[in-house]
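These are my notebook entries on a structure that I looked up. I recorded one helix first and the enclosed spaces afterwards.

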Amino acid sequence: MPNRKDGCLQVPLGADKVLLHTCCAPCSGAIIERLLKEGVRPLIYYCNPNIYPYEEYLIRKEECSRYASSLGLEIVDADYDHQQWLDAIKGLESEPERGGRCLQCFKYRLLRAAEYASSHGYRVLTTTLASSRWKSLDQINQAGKWACSMISGQTMNEAPVWWEQNWRKGGLQERRCQIIREQNFYNQQYCGCEFSMQKAPEEPSKN
């Protein structure tokens, strides 16, 4: 296991590569930069069938792809199936932001990421969702742990370990804003789904 100094990232299993579920370029920039600085190479897994409309999905994907290409990183574009996502959150459409719909959304997307990680030899999974102040870290980690735990019963491949990392700390929020300006990223004004367009959360989440 690599010897990492205090203040450095404590990567599970001492891994030097991780599967990074990525929601958008603004949330990803500082995280990817930090991973590379620490000698950890991320595979960017773009799985966001919640995004509506499809044109918005493409814009966000293209921004992620542009940034990945500039760093020589690979990005995997998961299939866009918004209807399947709608079926997964059915009955939760009226839930508020950071409510039951968001938790189910995280579970859906992170399970697909965990399945990909398992089948492609990635032992560690984390997500850029944990960089957003508008999301609940508790929900994200609950969904991530659940997704990884589900793999054991689905396949003979080894299940990935969920990397519970708060990507808001250690100066990453400040660097996030700098990279958005430096890269001239498209910076969306809503989470992604049609339900989040209707009412934004009143204040950022603290956990």
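**Entry 1: a helix and its surroundings**

I began with α5 in this predicted model, and I listed its buried residues as L137, Q139, I140, N141, A143, G144, A147, C148 and I151. I then looked up what covers these buried residues, and I found α4 (100–119), β4 (124–127) and β5 (161–162) among the elements that do so.

I next checked the length of helix α5, which has 15 residues (137–151). At 1.5 Å a residue the helix should span 21 Å, and its end C-alpha atoms lie 22 Å apart, so the two values agree.

**Entry 2: the largest cavity**

How many cavities of 30 Å³ or more does the structure hold? I noted two.

The largest cavity has a volume of about 60 Å³. I recorded its lining as N50, W85, E97, R101, C102, C105, F106, R109, K135, C191 and C193. Helix α4 gives the most to this lining, with five residues. I sorted the lining of the largest cavity by class and obtained six nonpolar, one polar and four charged residues.

**Entry 3: the second largest cavity**

For the second largest cavity I wrote down a volume of about 30 Å³. The residues that line this cavity are T22, A25, S28, I32, I44, C64, Y67 and A68. Which helices each supply at least two residues of this lining? I noted α1 (25–37) and α2 (54–70). By class, I entered six nonpolar and two polar residues for the lining of the second largest cavity, with no charged residues.

Conventions: Residues are numbered from 1 along each chain as its sequence is written. This is a predicted model: local features need pLDDT of at least 70, side-chain atom pairs count only at pLDDT 80 or more; totals for chains, interfaces and linings use all residues. Side-chain values use heavy atoms; hydrogens and water are left out. Helices (H or I, at least four residues) and strands (E, at least two) are DSSP runs, numbered from the N terminus. The expected span of a helix is 1.5 Å times one less than its number of residues. Buried means under 20% relative accessible area, exposed over 50%, partly exposed in between (1.4 Å probe, protein chains only). Contact means heavy atoms within 4.5 Å. On a 1 Å grid over the protein atoms alone, a cavity is a set of points where a 1.4 Å probe fits but cannot get out, and a pocket is an open set with protein on both sides within 12 Å along at least five of seven lines; lining residues have an atom within 4 Å of a point. Grid points are joined across faces, edges and corners, and a volume is the space filled by probe spheres set on the points. Ala, Val, Leu, Ile, Met, Phe, Trp, Tyr, Cys and Pro count as nonpolar, Asp, Glu, Lys and Arg as charged, and the others, Gly among them, as polar.
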